Amino acid sequence: MMTLRQFENALDRHRREALAYLETLGDDDLQRKARIPLFKQLLGTDEVTMPTWVRVFFVIHWGDHADQLAKIRKAVGLPEVTALVTAT
């Protein structure tokens, strides 16, 4: 089982690796569109560019997980988190 620090570091490593890959893409690659049906209900279109996908994944998706963790904390009687902690 991972410790909280190991989990934080693994998430941060995943983020760094994904962004490093994106750095290798040229402008043409970044403007290509992919059809992702789920995005139709979120964004009003199912054709999105890579920057749009990344924004949705890293902002909305991870935000949803943070909300889920907040609900779990509340359900088990833990205090609300009031400060953001980042992995180092």
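## Helices and strands

Helices and strands here are DSSP runs, with at least four residues for a helix and at least two for a strand. By that count, this predicted model has 4 helices and 2 strands in its chain. Walk along the sequence and you meet them in the order α-α-β-α-β-α.

## Overall shape

How does the chain's radius of gyration sit against that of a compact globule? A compact globule of 88 residues would come out near 12 Å, but this chain has 16 Å. Its C-alpha trace spans about 50 × 30 × 25 Å along the principal axes. Just 12% of the 88 residues count as buried, and the accessible surface comes to about 7400 Å², with 59% of that belonging to carbon and sulfur atoms.

## Charges that pair up

Side chains of opposite charge can pair when their charged atoms come close. In this chain the count is 5 salt bridges.

Start in helix α1 (residues 4–23): Glu 8 and Arg 5 form a salt bridge, with their closest N and O atoms 3.0 Å apart. The two sit 3 residues apart, about one turn of the helix. Glu 8 is buried at 17% relative accessible area, while Arg 5 is partly exposed at 42%. There's also a salt-bridge network linking Asp 12, Arg 15 and Arg 16.

## Arg 35 and its partners

Arg 35 is exposed, at 56% relative accessibility. One partner is Asp 46, in a salt bridge of 3.4 Å, N to O. Asp 46 lies in the loop between α3 (38–43) and β2 (47–49), 11 residues from Arg 35.

Another partner is Glu 47, with the closest N and O atoms 2.1 Å apart. Glu 47 lies in strand β2 and Arg 35 in strand β1, so this pair ties together parts 12 residues apart in sequence. Glu 47 itself is partly exposed, at 32%.

Key
Residues are numbered from 1 along each chain as its sequence is written. This is a predicted model: local features need pLDDT of at least 70, side-chain atom pairs count only at pLDDT 80 or more; totals for chains, interfaces and linings use all residues. Side-chain values use heavy atoms; hydrogens and water are left out. The radius of gyration is taken over C-alpha atoms; the globule rule is 2.2 Å times the number of residues to the power 0.38. Buried means under 20% relative accessible area, exposed over 50%, partly exposed in between (1.4 Å probe, protein chains only). Accessible areas come from the Shrake-Rupley method with a 1.4 Å probe; for residues, only the protein chains shown count as cover. A salt bridge is a side-chain nitrogen of Lys or Arg within 4 Å of a carboxyl oxygen of Asp or Glu.
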